[in-house]
There are 2 protein chains.
Amino acid sequence: MSNQTTDVRPLILVTNDDGYFAPGIRKLIAIMRKIGKVIVVAGEQPMSGMGHAITIKMPLRIKTVTKTDEYEEYICNGTPVDCVKLGEQIILNGKPDLLVSGINHGSNASINVIYSGTMAAVIEACIDQIPAIGFSLDDYSYDANFDHTEQVIEAITRKVLEEGLPEGVCLNVNIPAYTAEPFKGVRICRQARARWVEGFDSRHDPRGSAYHWMTGRFENLDNGEDTDHWALEQNYVSVVPVHFDLTAYNALETIKAWEF
Amino acid sequence: MSNQTTDVRPLILVTNDDGYFAPGIRKLIAIMRKIGKVIVVAGEQPMSGMGHAITIKMPLRIKTVTKTDEYEEYICNGTPVDCVKLGEQIILNGKPDLLVSGINHGSNASINVIYSGTMAAVIEACIDQIPAIGFSLDDYSYDANFDHTEQVIEAITRKVLEEGLPEGVCLNVNIPAYTAEPFKGVRICRQARARWVEGFDSRHDPRGSAYHWMTGRFENLDNGEDTDHWALEQNYVSVVPVHFDLTAYNALETIKAWEF
């Protein structure tokens with residue numbers, strides 16, 4: 001069993017949605033190994049845009065990549081949410097002290113949180129009452145520079161381990177892309193109102209059948225200076241406390257006034 | 001183009017996550033055809049548990065099943081969220097007056113809303129400022145009785161078309177399973193706090209390799225009498241106003257007090 005009671009270092013479960021080989025998770029693993037005992041459970045394949053998908057039509061398989069007293073790494077054929085469930089139920093047979101997900105190649109600020117596999121893993125852990133943080137870099141490129149993320153990720157992680165998080169709350173942390181100028185600091189934000197204006201790139205295959213590649217253009221609909229989108233644009237790290245209660249409380253009275 | 005300005009009946013886009021052939025969507029189509037012009041865009045395959053997944057690694061294809069002045073039906077190889085995007089961008093080239101999703105075979109009350117493809121389609125439409133309602137029956141069986149759902153679905157749909165919905169709000173409607181006793185009425189609720197306690201059913205294939213089927217047991221963690229879970233248990237239809245702002249506003253001050 002991985003979670004030995006004699007080990008006083010925190011047990012940290014690490015996952016992502018870009019696949020186990022992505023530079024972002026490699027950086028996150030390196031940072032977490034300074035803080036605690038790390039168990040990685042990540043997808044064999046990239047799973048961007050998987051949202052909160054779970055795998056129920058297909059059995060899940062786990063491969064052990066590394067297993068030492070210091071460090072364990074597993075890969076599986078599931079989604080990011082599956083990774084959390086397998087990590088808890090099959091690999092740890094218990095709860096880690098912390099779940100971190102990322103570092104995502106690309107922003108999960110504003111409406112992206114809804115589509116994000118990275119944040120779905122975080123929310124899944126939060127549902128299971130595990131402190132959880134998602135880290136994303138506002139740079140989609142595979143060979144993005146992650147060096148400037150190290151200090152702030154370590155600081156936020158240590159803070160969460162020290163203070164805990166309110167019940168039912170996890171964190172969505174987004175870090176500006178690397179520039180010559182260091183980011184200005186950390187802002188606690190709300191999720192910006194935004195959407196993706198979809199287009200499809202429609203083509204025909206050699207047999208003449210139409211097919212459609214999803215594309216899209218991000219559209220910010222929120223002028224607030226307290227949003228994650230604003231913070232990133234101003235070169236701040238954004239931290240949004242996230243919960244999984246989707247009730248629109250301020251609409252309850254309106255709907256209650258309806259008669260059926 | 002489907003949305004002719006001379007047609008005064010509302011244009012209703014219908015989707016689901018159980019596949020185009022499921023009895024639940026067949027019932028929903030029949031109800032909606034009494035109210036407006038119906039365009040169906042549904043998956044070829046069941047997509048339960050897909051959450052807010054979108055398809056970005058594979059091109060999407062659409063097949064036309066029916067296309068008349070009165071009614072159009074299309075199937076595609078995508079997720080429920082893809083169906084909404086394809087419906088708007090490729091098929092309608094514009095917005096419908098309403099999006100309805102379901103009738104789901106199984107409850108999407110409480111934490112199920114997070115995993116639900118049915119509700120993801122509704123939330124996607126809501127992000128795009130289309131009034132949207134998800135309908136689910138608290139009965140997972142394929143040959144569930146949907147007859148008792150007809151009147152309440154029609155009433156709620158007509159109400160939404162008449163009154164509209166507050167900006168950024170959609171509805172999650174759950175209907176008790178059929179029993180001899182009719183349901184007691186409609187309750188406007190909040191999402192119950194609950195979770196799935198996962199197990200995996202672990203087996204070995206004929207070559208000796210382990211594989212894991214996801215299973216789970218629903219655990220209600222909420223004793224409130226204002227929740228969707230409570231309403232269903234008491235034989236009421238539950239209606240939860242849902243939004244896509246995941247910010248945990250009541251945690252903002254706590255996190256702001258942290259120093260980095």
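**Exercise 1. How do β2 and β4 of chain B pair, and how many bridges join them?**

Solution. Strand β2 (residues 37-43) and strand β4 (residues 71-76) of chain B run parallel, joined by 6 bridges. Strands here are DSSP runs of E with at least two residues, helices are runs of H or I with at least four, and both are numbered from the N terminus. Two strands pair if DSSP finds at least two bridges between them. One pair of partners shows the register: Val41(B) has Tyr74(B) in β4(B) as its bridge partner.

This is a predicted model, in which local features need pLDDT of at least 70 and side-chain atom pairs count only at pLDDT 80 or more, while totals for chains, interfaces and linings use all residues. Residues are numbered from 1 along each chain as its sequence is written, and chains are lettered from A and ligands numbered from 1 in the order in which they are written.

**Exercise 2. Place the pair in its sheet, then find the helices on that sheet.**

Solution. Start with the strand order.
- In chain B, 9 strands form an open sheet with mixed pairing, in the order β3-β4-β2-β1-β5-β6-β7-β13-β8.
- The edges are β3 (62-67) and β8 (186-188) of chain B; each has a single partner strand, so one side of each lacks a neighbour in the sheet.
- On average, neighbouring strands of this sheet are turned by 20 degrees against each other, direction ignored.

Now add the helices. Two residues are in contact if their C-beta atoms, placed from the backbone, lie within 7 Å. Axes are lines fitted to C-alpha atoms, for helices over the stretch in contact, and angles run from 0 to 180 degrees between N-to-C directions.
- Helix α1 (residues 23-33) of chain B lies across β1 (11-15), β2, β4, β5 (98-105) and β6 (132-137), at about 145 degrees to β5(B).
- Helix α2 (residues 80-92) of chain B touches β1, β2, β3, β4 and β5, and makes about 130 degrees with β2(B).

**Exercise 3. Is β13 of chain B buried or exposed? Trace its partners.**

Solution. A residue is buried if 20 or more other C-beta atoms lie within 10 Å of its own, exposed if 12 or fewer, and partly exposed in between, with C-beta atoms placed from the backbone. For strand β13 (residues 237-242) of chain B, 6 of the 6 residues are buried, so the strand is largely enclosed by the rest of the structure.

Next, the faces. In a regular strand the side chains alternate between the two faces of the sheet. On one side of β13(B) are Val237(B), Val239(B) and Pro241(B); on the other are Ser238(B), Val240(B) and Val242(B); all are buried.

Last, the partners. Strand β7 (residues 170-175) of chain B pairs with β13(B) in the antiparallel sense over 5 bridges, with Leu171(B) opposite Pro241(B). β8(B) pairs with β13(B) in the parallel sense over 3 bridges. There, Val186(B) has Val237(B) as its bridge partner.

**Exercise 4. Work out how α4 of chain A is packed.**

Solution. Take burial first: 11 of the 11 residues of α4(A) are buried, so the helix is largely enclosed by the rest of the structure. Just after α4(A), Gln129(A) takes a positive phi of about 60 degrees.

Then the helix pair. α2(A) and α4(A) pack at about 35 degrees, with axes 7 Å apart. Pro80(A), Val81(A), Cys83(A) and Val84(A) of α2(A) meet residues of α4(A) including Gly117(A), Ala121(A) and Glu124(A).

**Exercise 5. Where is Lys27 of chain A, and what does it touch?**

Solution. Lys27(A) is found in helix α1 (residues 23-33) of chain A. Lys27(A) counts as buried because it has 21 C-beta neighbours inside 10 Å. Leaving aside neighbours within four places in sequence, its contacts are Ile103(A), Phe146(A) and Thr149(A). Thr149(A) is 122 residues away along the chain, yet the two C-alpha atoms are separated by 9.0 Å.

**Exercise 6. How many residues of chain A are in contact with chain B?**

Solution. The contact involves 61 residues of chain A and 61 residues of chain B. Elements giving two or more residues to the chain A side include α2 (80-92), α4 (117-127) and β13 (237-242) of chain A.
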